[in-house]
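Here's a quick briefing on how this chain is held together, covering salt bridges and then sheets. Have the model open as you read.

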Amino acid sequence: MRFANAIRLLAILALLVGGLALSGTAPAQVAVEFSVGFAPPELPVYEQPLCPGEGYIWTPGYWAWDDDDQDYYWVPGTWVLAPQAGYLWTPGYWGWGGEAYVFHVGYWGPVVGFYGGIDYGWGYTGRGYYGGRWDHDHFYYNREVNHIDERVVRNVYNVHVENNVNITRVSYNGGHGGVNVRATTQEEAAARERHIGPVGAQNQHLQAARGNRELRASENHGKPPIAATARPAAFSGGGVVAAKTGGNYHPPASRGGNTANRPANESRAVNENRPANENNRPADNRASNNANRPPSAGNRPETNNRPTYSHSTELPKHSAPQAEANSNQKYQQQQEKLAQKQNQEHTKLQQRQQQEHQRVTQQKAPPQRQQQMEQRHQQQTQQLEQKHEQQQQKVQHAAPKQQAPPRQQSQDKKPPH
């Protein structure tokens, strides 16, 4: 049965890639994470947490799918630092593909593309984004739709936006009861322009959501206790907001979903987030929580609880662990030398990728070539980090074992004569 479903899904994907609209949904995003036989719950109603600082852009919450549990789970809305000035977030969305609901992955780009006509709220009305705008290198926030503390964020303006999120809470496009909206020519063009997939913080956020049992639709019945967070993957503390109202969740007795052909770079980037489980439900909390299949991957070695990086600029700086008293000096020097070498490789890769970006931009390369470049950069970045992880493990395995200090002879006993 699953084989037959996979064959049907491949046919759906072929139509999507070919740009054909199945059921009235124009596929502006071709990266598909999952295929599910029944629709996700309605969007919950929740308040937006305070924006943590300038440069953060709101990314609305959505229902993701866990193929292991055959269940939807809520990925809380959160504030995410834009990967670069001028970039906005196009949310992912569920759309009817003719035989199943498929998830189209969100992305960052200079223009907001098609996101299914879903009214996510907070400036995402179903078309475009009205929560803020870029002015050169600074992002300005619309106070009408964002929760802003002007002592922290000073770049603000006011433009009224009609908010229907409490009325229209449908979370998918097409199919029975879905939003009946097609992509415009401009929205389709946006998906073909240069853009990048979810950044590392978003992938970690997805993994954490997949690992939290309370976010399963079967557990919260469409009303997640963590509906939004001030920062990605921060699921406790003052920045966490619970849903005020949920949506009905009535999955069929025999529920099921299929994994779609996921492009290596976009898919296991956002729906298989299992920590390594990028899957691990513990961040994914199952050891096989794949991390999100949307990013999820049930405990797969390749996901090994490791964050997914889309670009070398996202890679964290390496540093040697702090030396302990009585630690082996030679081993500590090896750690420091390795960290220095790895940071140099980070810098070289970043410079090389930036130069290629500039070259492709100057040549006004076609969208297909730009997309290939982005995929290649993501692969290079992930391979480099995997290499560094292996190097670190090798050094740790070679670490000298600390010897216990020699026992002191008891003063009560005298050595034999």
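Let's start with Arg169, which is buried because its relative accessible area is just 13%, and that falls under the 20% cut-off. Keep in mind that this is a predicted model. Arg169 has a salt-bridge partner in Glu42, with N to O at 3.6 Å. The two sit in distant parts of the chain, 127 residues apart: Arg169 is in the loop between strand 12 and strand 13 (172-173), and Glu42 is in the loop between strand 1 (32-36) and strand 2.

**Salt bridges**

- Searching the whole structure turns up 11 salt bridges.
- Back at the Arg169 pair, Glu42 is partly exposed, at 35% relative accessible area, whereas Arg169 is buried.
- Arg216 and Asp66 make another salt bridge, and their closest N and O atoms are 2.6 Å apart.
- Arg216 comes from the loop between helix 3 (200-210) and helix 4 (217-220), while Asp66 belongs to strand 3 (residues 62-66), so this pair ties together parts that are 150 residues apart in sequence.
- Here both partners, Arg216 and Asp66, are buried.
- Arg127 and Glu187 also meet through their side chains, in a salt bridge of 2.4 Å, N to O.
- Since Arg127 is in the loop between strand 9 (107-109) and strand 10, and Glu187 is in helix 2 (residues 185-192), the pair ties together parts that are 60 residues apart in sequence.
- Arg127 counts as partly exposed, with 32% relative accessibility, but Glu187 counts as buried, with 6%.
- There's a network too: salt bridges with shared partners join Asp66, Asp68, Asp69, Arg210, Arg213 and Arg216.

**The three-strand sheet**

- One open sheet has three strands in the order 10-11-12, with mixed pairing.
- Strand 10 (132-135) and strand 12 (156-157) are at the edges, and each has a single partner strand, so one side of each has no neighbour in the sheet.
- Strand 11 (residues 138-142) and strand 12 run parallel, joined by two bridges.
- Asn142 has Tyr157 in strand 12 as its bridge partner.

**The four-strand sheet**

- Another open sheet, also described as mixed in its pairing, has four strands in the order 2-5-14-15.
- Its edges are strand 2 (56-59) and strand 15 (240-241), each with a single partner strand, so one side of each is left without a neighbour in the sheet.
- Strand 14 (residues 228-229) pairs with strand 15 in the antiparallel sense, over two bridges.
- Ala228 finds its bridge partner in strand 15, at Val241.

Technical notes. Residues are numbered from 1 along each chain as its sequence is written. This is a predicted model: local features need pLDDT of at least 70, side-chain atom pairs count only at pLDDT 80 or more; totals for chains, interfaces and linings use all residues. Side-chain values use heavy atoms; hydrogens and water are left out. Two strands pair if DSSP finds at least two bridges between them. A salt bridge is a side-chain nitrogen of Lys or Arg within 4 Å of a carboxyl oxygen of Asp or Glu. Buried means under 20% relative accessible area, exposed over 50%, partly exposed in between (1.4 Å probe, protein chains only).
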